[in-house]
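Here is a short briefing to read alongside the model. Keep the structure open as you go, and follow the points topic by topic.

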Amino acid sequence: MSTIGYESWAVDMADVGPIYPFQGSEVLMVIVGVIFWLVWHRIQFVREGQHLEEARQQALDHERIQRSVERY
């Protein structure tokens, strides 16, 4: 099975074009990469927002802060 379109290398190498795998699918790979990048950023944005909200809620727990201060 050939992923580059050549079954035999017994050809004139001057006539050979690109020899990397899956040639012709560059646009599809770029689209998949951009979608992956956007989804990853969205996931990170949501998770960091949740983390910051939890930190904000903990910072507003005055009773816990007061107990911690009084302990020392």
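G49 sits in helix α1. Because its relative accessible area is 37%, above the under-20% range for buried and not over the 50% needed for exposed, G49 is classed as partly exposed. Please keep in mind that this is a predicted model, so distances and areas here are computed values.

**Distances along the chain**

- G49 and D15 are 34 residues apart in the chain, and 55 Å separates their C-alpha atoms.
- L60 belongs to the loop that runs between α1 and α2 (62–71).
- With a relative accessibility of 45%, L60 is counted as partly exposed.
- From the C-alpha atom of L60 to that of W9 the separation is 70 Å, with their positions 51 residues apart along the chain.

**Overall form**

- How many helices and strands does the protein have? You will find two helices and zero strands.
- The C-alpha trace spans about 85 × 25 × 20 Å when laid along its principal axes.
- The radius of gyration of the protein is 28 Å, whereas a compact globule of 72 residues would have one near 11 Å.
- Just 4% of the 72 residues count as buried.
- About 6,800 Å² of the protein is exposed, and 64% of that area comes from carbon and sulfur atoms.

**The salt bridge in helix α1**

- Side chains of opposite charge can pair when their charged atoms come close.
- Searching the whole structure turns up one salt bridge.
- Which residues form it? The partners are E53 and R56, whose side chains meet at 2.7 Å, N to O.
- That distance fits the salt-bridge criterion, because the cut-off between a side-chain nitrogen of Lys or Arg and a carboxyl oxygen of Asp or Glu is within 4 Å.
- Both E53 and R56 are part of helix α1 (residues 26–59), where they stand three residues apart, about one turn of the helix.
- Is E53 buried or exposed? E53 has 36% relative accessibility, so it counts as partly exposed.
- R56 is also placed in the partly exposed class, because its relative accessibility is 42%.

**A nonpolar surface patch**

- V27, I31, I35, V39 and I43 together make a nonpolar surface patch of about 450 Å².
- One of these residues, I31, is found in helix α1.
- I31 has a relative accessible area of 45%, so I31 is partly exposed.
- That 45% also clears the patch requirement of over 30% relative accessible area, so I31 can be a member.

**Charges**

- The protein carries 6 positive and 10 negative charges.
- Take the mean position of each set, and the two points lie 22 Å apart.

How values were computed
Residues numbered from 1 in each chain as written. Predicted model: local features only at pLDDT ≥ 70, side-chain atom pairs only at ≥ 80, totals over all residues. Heavy atoms only, no water. Helix = DSSP H or I, 4+ residues; strand = E, 2+ residues; numbered from the N terminus. Buried < 20%, exposed > 50% of the residue type's maximum accessible area, 1.4 Å probe, protein only. Patch = residues over 30% accessible without salt bridge, like charges linked within 9 Å, V, L, I, M, F, W, Y side chains within 5 Å. Areas by Shrake-Rupley, 256 points an atom, 1.4 Å probe, with all protein chains shown as cover. Rg over C-alpha atoms; globule rule 2.2 N^0.38 Å. Lys, Arg positive; Asp, Glu negative; His and termini not counted. Charge placed at Lys NZ, Arg CZ, Asp CG, Glu CD.
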